[in-house]
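Biologist: I am new to this structure and would like a close look at one part of it. Please start from a spot in a loop, and then tell me what surrounds the ligand and what stands behind it.

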Amino acid sequence: MGRKRNPWSIGMLTLFPEMFPGPLGFSLAGRALDEKLWDLNIYDIRRFCEKSAEVDSSPFGGGNGMVMRADVIDRVLSTVTQDPNYAQLPVVYMTPRGTPLTQEKVKIFSQGDGAIILCGRYEGVDERAVAEWGMEEISVGDYVLSGGEPAAISFVDACVRLLPGVVGKEESLEDESFEEGLLEYPHYTRPRIWKHREVPEVLVSGHHKNVKSWRLAEAERITRARRPDLWDIYMSKQN
Ligand code: SAM
């Protein structure tokens, strides 16, 4: 008999534990959490502060804002990784300075055992903690959030929906944006005419081959117009 695998696990390190599960407690991710298809443990960073100490301190070299202390983060991670379920998990630091999150990266994480995620606040985290724990730095986009929690929620949501059993047949993952290196084609549903706008004829023709060609052409048109970066990669793979 094979080893019984633990559910995909997330250890969330945050100064705002009340923000979890938050949106992750609803819809697909929430249902999957209830069904124990994945597991979420929240660690309140503040609880790992020594008496009267602060989680943050002013930056060496001066400047605005505060920095999360390396010794505090280290204490949380040392505790979390004592749990054998968490000991081998990658440690991710959500930061605008990180590698941009892609569907490819999401797939890799969803095929692993989970992650320990550090949500930053203030100006960020003392660099020595990031280095000491070999953290993978991930960004959810080229903009600055006030904290890592909303970024972590996006990251976990994207991973959870790829876990086996989370998305039902009716919500197929196959045709989605990025699957073939293209953005998705447009969708239509009833009514067939709405505010003088008609559903494209081909979609009601019942001709599956034509529908498929139309959708591909639309996906190509939209990708080319909106994301030249994706379009170039897609084109380079066509020959
Ligand atoms: N001083 C930082 C900088 O300029 O890169 C921004 C700090 S931001 C106000 C506070 C925290 O929010 C960061 O430590 C990080 O954890 C999180 N954060 C902000 N934007 C993010 C993004 N685009 N992706 C991931 N995390 C982000």
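Modeller: Happy to help. Let us begin at P59, which is placed in the loop between β3 (56-57) and β4 (67-68). Please keep in mind that everything here comes from a predicted model. Is P59 buried, partly exposed or exposed? Its relative accessibility is 21%, so P59 counts as partly exposed; the buried class ends under 20%. P59 also shows how the fold brings together parts of the chain: its C-alpha atom is separated by 8.7 Å from that of D126, although their positions lie 67 residues apart along the chain.

Some orientation may be useful before we go further. The chain contains 8 helices and 9 strands, and its C-alpha atoms fill a box of roughly 70 × 50 × 40 Å along the principal axes. Of its 239 residues, 39% are buried.

Now to the ligand. A shell of 19 residues surrounds it, and the closest are M94, G120, E123, Y143 and L145. Which elements supply at least two residues each to this shell? They are β5 (91-100), β7 (136-139) and α6 (148-160). The largest share, 4 residues, comes from β5. By type, the shell divides into 10 nonpolar, 8 polar and 1 charged residue.

Several atoms come within polar reach of the ligand. A polar side-chain atom of Y93 is 3.0 Å from one of the ligand's oxygen atoms. V140 uses its backbone instead, with an N or O atom 3.1 Å from a ligand nitrogen. G148 also takes part through a backbone N or O atom, which lies 3.4 Å from an oxygen of the ligand. How much of the ligand does the protein cover? On its own the ligand has 580 Å² of accessible area, and the protein covers 83% of that.

Helix α6 leads us on to the next stop, since E149 lies in this helix. E149 is a charged residue type, yet its relative accessible area is 0%, so E149 is buried. What does its side chain touch? It makes a polar contact of 2.6 Å with the side chain of T14.

T14 belongs to strand β1, residues 8-14, where 7 of 7 residues are buried. In a regular strand, side chains alternate between the two faces of the sheet. In β1, W8, I10, M12 and T14 point one way while S9, G11 and L13 point the other way, and all of them are buried. The strand has partners too. With β2 (residues 38-44), β1 pairs in the parallel sense over 7 bridges, and W8 has W38 as its bridge partner there. To get from β1 to β2 the chain passes through helix α1 (residues 27-34), a β-α-β crossover that is right-handed. With β6 (residues 114-119), β1 again pairs in the parallel sense, over 5 bridges; here M12 stands opposite I117.

The loops around these elements hold some backbone features to look for. As background, most residues other than glycine have a negative phi, and most peptide bonds are trans. In the loop between β1 and α1 we find P21, and the peptide bond leading to it from F20 is cis, with omega near 0°. Further along that path, K36 sits in the loop between α1 and β2 and has a positive phi, near 60°. K36 is exposed, because its relative accessible area is 63%.

Past β6, the loop to α5 (127-132) holds Y122. Its phi is positive as well, near 55°, and at 39% relative accessible area Y122 is partly exposed. Finally, look beyond α6: the loop between α6 and β8 (193-194) holds P191, and a cis peptide bond, with omega about 0°, joins R190 to it.

Notes
Residues numbered from 1 in each chain as written. Predicted model: local features only at pLDDT ≥ 70, side-chain atom pairs only at ≥ 80, totals over all residues. Heavy atoms only, no water. Buried < 20%, exposed > 50% of the residue type's maximum accessible area, 1.4 Å probe, protein only. Pairing = 2+ DSSP bridges. Right-handed = clockwise from strand over helix to strand, strands pointing away. Near = heavy atom within 4 Å. Polar contact = N/O pair within 3.5 Å; in protein donor to acceptor, adjacent residues only side chain to side chain. Areas by Shrake-Rupley, 256 points an atom, 1.4 Å probe, with all protein chains shown as cover.
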